[in-house]
Structures are given as C-alpha cells and as structure tokens.
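Pull the model up on your screen and keep the sequence beside it. We'll walk through it a piece at a time.

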Amino acid sequence: MCMQRVKRGRPSSSKNRDESHVEVAPVQGRHQRNVASKSRRCLCSEAMPSPSFVEETVLDPSPLILVQKAYSSIDGYEIARVEKKRQRAEGHFVAGIQYGEIEPSAFAQVLQWMGPNEGDRFLDLGSGSGKAVLTAASLYKLDLALGIEVQPKLHAAALDARSRLLALSAPPTPARLIEFRNEDAFKKQWYEGLDLVFCTTTCFTPEMIEQLQRDAEKLRVGARIAVTTRPLNSLKFRMTQKGVLPYGKGSLTFFVYVREDSQ
C-alpha cells in the first residue's frame, strides 16, 4: 500500500522559512480541523518539491545504516512497478494503493514523535518492503514489530530484508517478534492489542480513510497512530505532532495522534 534522503541545512531565505522547518510544536485541542487537499494527485511515488530540512534530533546512525544495508539490493519501487503492470494487464486495478517508501532516518523521527515505550506493540498497515517495521525493531525493544502488506512480491521483499538485517545485527526487538504478514489488513481486526500504528494514507480513497478511522477508534486509550497527508477527524484522537518529512521522491506531512477517552 501507499506507504529519501534527509537533506541537511537551513533555508536560504526567509520567504520559504516556514516550509523548510519541521513543525515541532505540539498541537493543542481535542481534534484537528479537517484540511482539504489542494490536489487529488497521489504524491506517494511521484516527485513533489522538497523543502530544506533541519534535523530535530541527533540519533545514533549505526542501526539505521544496518537497515539501509539490508535493502542494498532490494528495490521496492521496481517490485511495485512490475506488479502493478502485471495486475493491470490482467484487468485488475485497486484504488487507493500506490507505492512509496519512507527512509529509515525519516521514520526514526516519526517514531520519536510517537514516543515508543519498552514492550510496545507496533504495526505498519501497508508495510511494503518493510522499512518502517525494521527501523522500529532496530531502534526500540518492542514486544511486536509487525507489517501487513497485501502485495505478495513486496511481502517477499520484506522477508528477505528481515533475513538480511538479522544476519547483520541483533536488533533490540527479538527476531521472533519481527513479523510480516501477506494479507488485506482491512479484512482483519488489526487494532487489537496495539500501542503504535503507522499508515501512509496519502493515496487512500475517502472510503478507505473512513474505514481506517473506524477501526483506529477501537485502539486502546493511550495508543498512538501516525498517518500522512490526510488528518484524522475524530474526537477520540488528539493530535500531538505535525511535521513535514522526506518520503519517497519528495516529502509528506505526517500527523501523530494519541487515542483518548472521549467520554
């Protein structure tokens, strides 16, 4: 599903200063105004002008370098392109699915915004080749690092990357707790027992957004969820962070929420 490099440096002029900084101030209030997209064109895999980025936090790069090495010969974009071409030749087209990848360094920032605790259970809905899952498992000691992907070829790539990473290192999350499943998450009760959820929603149809939100409202109180481009519109979630980060061949806006008791 719709799920590269962090540019360093400061903006060159005051004109683009607001666009070039990652927004780090917590958002107040119980819910976020639903912002309409200016364009319905999917930005997951197509180029989008990238602002200059200023790193918010300095992280130990070693685990992220190992994740990158695990993908040195895995091209998720090519796998997705070939698979989409094959499906269309067979007359199949699934709306709302467009491939894109977040690099480990950028997703490390998303994870910091989500605030993982030792023993948390993490899920990436539409995990593609598995970069977000392996990044989370490499940086935090989790009780589960799970990715669910509907495309068999991308699922196979994630399993390959997992094997490569485990050959390079022993991540904080034990190998037996790093899991990938090849299935349609929307047909499962994915929300049970989770603490951290990531889903790239940029290319989702309105119906998919509605279903995701309905399911996400069943997360436990205190669970955190991160989505892209399209903010949630539910009184059961409070936005804690919003920021622009590199994604695929451009950049996306990320929204992080915490599940609250709305009563």
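How many of the 11 residues of helix 4 are buried? Before the answer, some ground rules: this is a predicted model, where local features need pLDDT of at least 70 and side-chain atom pairs count only at pLDDT 80 or more, while totals for chains, interfaces and linings use all residues. Residues are numbered from 1 along each chain as its sequence is written, and side-chain values use heavy atoms, with hydrogens and water left out.

Now the answer: 9 of the 11 residues of helix 4 are buried, so the helix is largely enclosed by the rest of the structure. Buried here means under 20% relative accessible area, with exposed being over 50% and partly exposed in between (1.4 Å probe, protein chains only). Helices (H or I, at least four residues) and strands (E, at least two) are DSSP runs, numbered from the N terminus. To see the buried set, pick out Pro104, Ala106, Phe107, Ala108, Gln109, Val110, Leu111, Trp113 and Met114 in helix 4.

One neighbour of this helix is helix 5, residues 131-139, and the two pack at an angle of about 65° with their axes 9 Å apart. The axes are lines fitted to C-alpha atoms, for helices over the stretch in contact, and angles run from 0 to 180 degrees between N-to-C directions. The crossing of helix 4 past helix 5 is right-handed, meaning that the near helix is turned clockwise from the far one by less than a right angle (anticlockwise would make it left-handed). On the helix 4 side, look for Pro104, Phe107, Ala108 and Leu111; they meet Lys131, Ala132, Thr135, Ala136 and Leu139 in helix 5. Contact means heavy atoms within 4.5 Å. Lys131 turns up again over the face of Tyr71, at 5.4 Å from the ring centre. A charge sits over a ring if NZ of Lys or CZ of Arg is within 6 Å of the ring centre and within 35 degrees of the ring normal. Lys249 does likewise with Tyr77, lying over the face of that ring at 5.4 Å from its centre.

Back to Phe107, and on to the aromatics. The structure holds 7 aromatic pairs. Rings of Phe, Tyr and Trp (its six-membered ring) pair if their centres lie within 6.5 Å; planes under 30 degrees apart count as stacked, over 60 as edge-to-face and the rest as tilted. Phe107 and Phe198 make a tilted pair, 4.8 Å centre to centre with 55° between the planes. Phe107 belongs to helix 4 (residues 104-114) and Phe198 to strand 4 (residues 196-199), so this pair ties together parts that are 91 residues apart in sequence. Phe198 also pairs with Phe254, this time stacked, at 6.3 Å centre to centre and 15° between the planes. Since Phe254 sits in strand 7 (residues 250-259) and Phe198 in strand 4, the pair links parts 56 residues apart in sequence. Phe198 is buried, at a relative accessible area of 0%, and Phe254 is buried at 0% relative accessibility. Step back and you'll find that Phe107, Phe122, Phe198, Tyr247 and Phe254 form one aromatic cluster.

Next, follow helix 4 off its end. Just after it, Gly115 takes a positive phi of about 70°. Which backbone oxygen does the side chain of Arg224 reach at 2.8 Å? That of Gly115, and the same side chain reaches the backbone oxygen of Met114 at 2.9 Å. A polar contact is a pair of N or O atoms within 3.5 Å; within protein, one must be able to donate a hydrogen and the other to accept it, and residues adjacent in sequence count only if both atoms are side-chain atoms. Arg224 is found in strand 5 and counts as buried at 8% relative accessibility. Leaving out residues up to four places away in sequence, Arg224 touches several others, including Asp120, Asp195 and Tyr257.

Two last stops. Thr229 lies in the loop between strand 5 (224-228) and strand 6 (237-247), and has a positive phi of about 65° although it is not a glycine. Gln213, in helix 7 (residues 206-216), reaches the backbone nitrogen of Asn233 with its side chain at 2.8 Å.
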